Amino acid sequence: MSTCDKSKLISISKTILKWTPFSSQPNVAQSKSSTNINHLLFGLLGSQKAWHHRKSYIESWWRPNITKGYLLLDVPPQGDDLIPWSINSPPYKISDDVPKLVNETKHVDATVLRLVHGIMEVFREGHEGVRWLVMGDDDSIFFVDNMVGILAQYDHTKYYYFGGHSEFILSNYWFSFNQAFGGAGIILSYPLAKALARDMMSCLKRYAYLNAADRTTMTCIADIGVNLSPLQGIHQIDLRGDLSGFLSSHPKSLLMSLHHFDMVDPIFPSMDRAQSIFHLQNAAQYDQSRMLQQTICHHRSKSWTFSVSWGYSAHIYEKIMPRSWIQRPIETFKPWQKSPNPPRYMFDVRSPSRDPCEAPHVFFFKSVERTPRNEILTTYTRAWPRGIGVCLFAGNHSAEYVSEIHVYSPAVKRIQIDRCECCDIVHKDGSNKAEVKYRECKEDEIIA
């Protein structure tokens, strides 16, 4: 949200009030240069104990000598796996004296105080040219190029507070629908970060009774006059178990972050969590703008529907299915906490099915390369035999023998992320491979 310039908002003449409304559209920065990675400053809050197994999460996306920022640890690092400090990790700093801060603010929760105060500790380090402060946790997976692309649409000289909601609807109810859940990333424009840092100690004293860091941050920012502007591509991942259904039906927005990887199963078969993250980031190195973007197309001669979550998974359905149905995530996951009755999520879901016309053949991302034709080829291999028979409704065209899907996409960044890409299917009878070729949609093309 932009700063409230009261002189422009309201004027009083006799008894008539004149109100100038804000525009709901992004306010493009009036600057000589577009926002780039050098304009972002990252602050990652972690603990020495957790960093032993979480550092691979951060190292999967951190770019040494390019990304700016710090990891704030509670105590100095120890152990042969941390010392000497890895050049692939962010430089670390030790948080300020928390007992001293607790004594000064009379705060009820030392951990909450440390996390919120960490925003000021990162900001005060100062870096020339910083436009945006990005706060996260030591298990936050950021997609920095996409983050830059989104932030470049906004005027960094105004007040903005960006973040994401929890996927678990009750978490938003318990804490606030107006707060950013910080593990997925809290993004503050530089002027707002400066105002928050200036008011930090006063705010921690005012709200010393609050025992939730993200709610405290939201409350302090609200006192400055700024509310949350939510972004769909920021994912707290307040989910548990098998995340594949969620990641296979991403909304039409640039993927900016993923969080809580310790709380979900590894996202790729036969890989641990760290291997899974590096594997996902391998695809991201070729084209972040398409990461997890869902493209749906039909092979009408066989009555098949293909759904591709670029860089992650591909599904084949043995029936022509409506896009609106395919776009709903399969509930392979479980809610963050037990919830006796729906709604449980902030999005629509569909239940897993044993109906051969509704259950997909599932393929996961295997490899990526650039072709001589300047296309990006991603390959997806079958995860397991579906083993539930054939969909007889559509003419008995089994897809069980397909073991590999090749997806060809343009080697150019997607610009209009809110619009669907069209694609064509190439598959020869009896072949164990299918090809999906992305292309621009024709004018007035019906893609249902």
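**Helix crossing and strand pairing**

In the predicted model, helix α4 (residues 110–123) and helix α8 (residues 213–224) approach each other, their axes coming within 9 Å and crossing at roughly 45 degrees. An angle that is neither under 35 degrees, nor over 145, nor from 65 to 115 counts as oblique, and α4 and α8 are therefore oblique to each other. The crossing of α4 past α8 is right-handed. On the α4 side, the contact involves Val-112, Leu-115, Val-116 and Ile-119. These residues meet Ala-213, Thr-216 and Thr-217 of α8. By class, five residues in the contact of α4 with α8 are nonpolar and two are polar, while none is charged.

A second region concerns strand β18 (residues 375–382) and its pairing with β17 and β19. Of the eight residues in β18, six are buried, so the strand is largely enclosed by the rest of the structure. Buried here refers to a relative accessible area under 20%.

Strand β17 (residues 361–370) pairs with β18 in the antiparallel sense, over seven bridges. Within this pairing, Arg-382 of β18 has Phe-363 opposite. The hairpin of β17 and β18 has four residues between the strands, and in this hairpin Asn-374 takes a positive phi near 60 degrees.

Strand β19 (residues 404–410) is also joined to β18 by seven bridges, and these two strands run antiparallel. Here Glu-375 stands opposite Pro-410 of β19.

Terms used:
Residues are numbered from 1 along each chain as its sequence is written. This is a predicted model: local features need pLDDT of at least 70, side-chain atom pairs count only at pLDDT 80 or more; totals for chains, interfaces and linings use all residues. Side-chain values use heavy atoms; hydrogens and water are left out. Axes are lines fitted to C-alpha atoms, for helices over the stretch in contact, and angles run from 0 to 180 degrees between N-to-C directions. A crossing is left-handed if the near helix is turned anticlockwise from the far one by less than a right angle, and right-handed if clockwise. Contact means heavy atoms within 4.5 Å. Ala, Val, Leu, Ile, Met, Phe, Trp, Tyr, Cys and Pro count as nonpolar, Asp, Glu, Lys and Arg as charged, and the others, Gly among them, as polar. Buried means under 20% relative accessible area, exposed over 50%, partly exposed in between (1.4 Å probe, protein chains only). Two strands pair if DSSP finds at least two bridges between them.
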